[in-house]
Amino acid sequence: MFRRKLTALDYHNPVGLDCSDETEFRNCIVWLEDQKIRHYKIEERGNLRNIPGSEWPAAYQKYLQDLNCPFSAQERQESIDWLLGLAVRYEYGDNVEKYKNCQPLSTTSDNGDKPVDPLVNLDSNNPDFKAGVMALANILKIQRHDDYLVMLKAIRILIQDRLSPEAISKASQTKEGLPVALDKHVLGFDTGDATLNEAAQILRLLHIEELRDLQTKINEAIVAVQAIIADPKTDHRLGKVGR
């Protein structure tokens with residue numbers, strides 16, 4: 001399931017890597033560190049290179065932590081996929097001149113008229129696809145779903161809403177509030193302490209602001225639902241209008 005990345009890295013057995021084979025899995029991790037990632041100095045790789053040792057799982061977990069990998073040693077497929085991606089990135093960084101002139105895959109049809117959707121021929125049952133979607137979902141803290149296409153759609157929505165250049169720019173903008181005269185707002189009760197009264201007034205105003213935001217979102221949700229139910233579809237077989 002990691003064939004393409006392993007092939008790009010010139011791994012000796014890119015097709016037959018079996019993560020359930022303990023020796024094969026450990027050898028692949030050591031190969032990645034020795035040949036591609038090289039995070040540790042040579043003298044620091046002893047525990048990782050001790051493949052038959054009982055302490056290897058702990059050494060692997062520490063290795064992932066040192067690399068700031070978002071996955072644990074127990075998540076084998078996700079962690080090795082992340083390491084392979086890191087290795088590919090380093091491989092490109094070491095050979096920029098070799099790869100910089102590579103042409104991307106064409107996104108237009110043969111006649112050059114209409115762009116071709118890269119997801120048209122996507123195989124949702126492909127193990128590489130599933131591993132990639134699962135890795136992204138774990139990184140973005142998205143709830144897992146049995147349908148990987150649903151997860152991919154959720155990932156797309158989150159990236160568009162939260163991680164797009166526009167969203168990041170909007171989030172980084174400082175919001176300046178308007179000055180509020182607390183003495184013009186009645187608290188409705190007295191704590192017996194002027195400072196506590198002032199704090200309570202501030203908390204009440206913040207709560208009101210949150211309620212306004214909630215009401216706005218509710219209104220937007222109602223409009224979105226109305227847009228759906230106000231667009232009935234005709235089923236000619238039944239001879240009626242409706243869903």
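Here is a walk through one helix, the residue at its end, and a few aromatic contacts elsewhere in the chain. Keep in mind that this is a predicted model.

Let's start with helix α7. It runs over residues 127-139, and its 13 residues reach 18 Å from the first C-alpha to the last, close to the 18 Å expected at 1.5 Å a residue. Quite a list of its residues is buried: D128, F129, A131, V133, M134, A135, A137 and N138. What do these buried residues pack against? Their partners are three other helices, namely α1 (3-8), α5 (76-94) and α8 (148-163).

Now look at I139, which belongs to α7 as well. Is I139 buried, exposed or partly exposed? Its relative accessibility is 41%, and because buried means under 20% and exposed over 50%, I139 counts as partly exposed. It still has company from elsewhere in the sequence: leaving aside residues up to four places away, I139 touches P70, F71 and W82. Take P70, which sits 69 residues from I139 along the chain, yet the two C-alpha atoms are separated by 6.5 Å. If you keep following the backbone just past α7, you'll meet K141, which takes a positive phi of about 60 degrees.

Next, the aromatics. A search of the whole structure turns up five aromatic pairs. One of them is Y11 with W31: the ring centres are 4.9 Å apart and the planes sit at 70 degrees, so this pair is edge-to-face. The two come from distant parts of the chain, with Y11 in the loop between α1 and α2 (22-37) and W31 in helix α2, 20 residues apart. Y11 itself has a relative accessible area of 6%, so it counts as buried.

Another edge-to-face pair is F25 with Y60, at 5.6 Å centre to centre and with 85 degrees between the planes. F25 lies in helix α2 and Y60 in helix α4 (residues 56-66), so this pair ties together parts that are 35 residues apart in sequence. Both of these residues, F25 and Y60, are buried.

What else gathers around F25? W56 comes in here, as F25, W56 and Y60 form one aromatic cluster. There is also a charged side chain to look for: R76 lies over the face of F25, at 4.3 Å from the ring centre.

How values were computed: Residues numbered from 1 in each chain as written. Predicted model: local features only at pLDDT ≥ 70, side-chain atom pairs only at ≥ 80, totals over all residues. Heavy atoms only, no water. Helix = DSSP H or I, 4+ residues; strand = E, 2+ residues; numbered from the N terminus. Buried < 20%, exposed > 50% of the residue type's maximum accessible area, 1.4 Å probe, protein only. Contact = heavy atoms within 4.5 Å. Expected span 1.5 Å × (residues − 1). Phe/Tyr/Trp six-rings, centres within 6.5 Å; stacked < 30°, edge-to-face > 60°. Lys NZ or Arg CZ within 6 Å of the ring centre and 35° of its normal.
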